[in-house]
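Let's take a friendly walk through this structure. We will look at its aromatic rings and at a patch on its surface.

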Amino acid sequence: MPTRFLGEFMGTLVLVLLGDGVVANVLLKRSKAEGAGWMVITSGWAFAVMAGVFVAVACGSPDANLNPAVTLGFAVSKGSFAKLAPYIVAQMLGAFVGAVLVWLHFLPHWEKTEDPGLKLACFCTGPAIRNFAANLLSEAVGTLVLVFVVGAIFSKAVAGTGFVSGVGAYLVAALVWGIGLSLGGTTGYAINPARDLGPRLAHAVLPVANKGNSDWSYAIVPIMGPLIGATLAGGLMRVIGL
């Protein structure tokens, strides 16, 4: 478990560093990528997933979940919860440290960016239209798709005895890209409690220049929505036999 813990920590760190990094690149003032748009953000997050999976596996976690919702979904599917607590701790810590590195990397740009909402968006998600029920549903549906399709990708019916080493990371990255393009515009598609909560905590404690509040009134949505969606996906996989 120690090597798996390290793998989940390092993989999630890289996921958030590159994922939140692309958001900061697009939103922060005086960045050369300022205003590049949604296609760049969704593409950057897809590549972040790919890189995070490779790092997690190389550092000792063949599961490369990088996401408490994924860990929960497969725990429900398999009926085994032994990995749940250690993986979630590793993922949370990795997400927090990744967000700290984003802050350091873009250090001069926080002061140049006047809008505190843009600064917060570089760390965590927020809704396009604030509606608790609709936002919760969006996160649940997006995460259900994530977990269920990952289960389908690696099922025996699709993968047989297994893909060539490394191929799975590209397939999961393509899935996350598709979720972002198709379903991400409502809430920013957290679909990962650690990806949202770890950086939100970092935003709260870091001395980000002229920052606003960390929007804790919304924070429950990107935690509960993905956990609900993952539980449903795990139950569905268990029933179907994926």
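Helices here are DSSP runs of at least four residues, numbered from the N terminus. Keep in mind that this is a predicted model.

## A nonpolar patch on the surface

Start with phenylalanine 154, which sits in the loop between helix H7 (132-153) and helix H8 (156-159). Its relative accessibility is 44%, so phenylalanine 154 counts as partly exposed.

Which residues join Phe154 in a nonpolar surface patch? They are Val158, Phe163, Val164, Val167 and Leu171, and the patch they make with Phe154 covers about 500 Å².

## Rings that meet: tryptophan 38 and tyrosine 189

Now turn to the aromatic pairs, of which the structure holds four. One of them brings together tryptophan 38 and tyrosine 189: the ring centres are 5.9 Å apart and the planes stand at 70°, so this pair is edge-to-face. The two partners come from distant parts of the chain, 151 residues apart. Tryptophan 38 belongs to helix H2 (residues 38-58), while tyrosine 189 lies in the loop between helix H9 (167-183) and helix H10 (193-205).

Are these two rings buried or exposed? Tryptophan 38 is partly exposed, at 37% relative accessibility, whereas tyrosine 189 is buried, with a relative accessible area of 7%.

## Another pair from helix H2

Phenylalanine 54 and tyrosine 170 also form an edge-to-face pair, because their planes are at 70°, with ring centres 5.5 Å apart. This pair links phenylalanine 54 in helix H2 to tyrosine 170 in helix H9, 116 residues apart. With a relative accessible area of 32%, phenylalanine 54 is partly exposed.

Terms used. Residues numbered from 1 in each chain as written. Predicted model: local features only at pLDDT ≥ 70, side-chain atom pairs only at ≥ 80, totals over all residues. Heavy atoms only, no water. Patch = residues over 30% accessible without salt bridge, like charges linked within 9 Å, V, L, I, M, F, W, Y side chains within 5 Å. Areas by Shrake-Rupley, 256 points an atom, 1.4 Å probe, with all protein chains shown as cover. Salt bridge = Lys/Arg side-chain N within 4 Å of Asp/Glu carboxyl O. Helix = DSSP H or I, 4+ residues; strand = E, 2+ residues; numbered from the N terminus. Buried < 20%, exposed > 50% of the residue type's maximum accessible area, 1.4 Å probe, protein only. Phe/Tyr/Trp six-rings, centres within 6.5 Å; stacked < 30°, edge-to-face > 60°.
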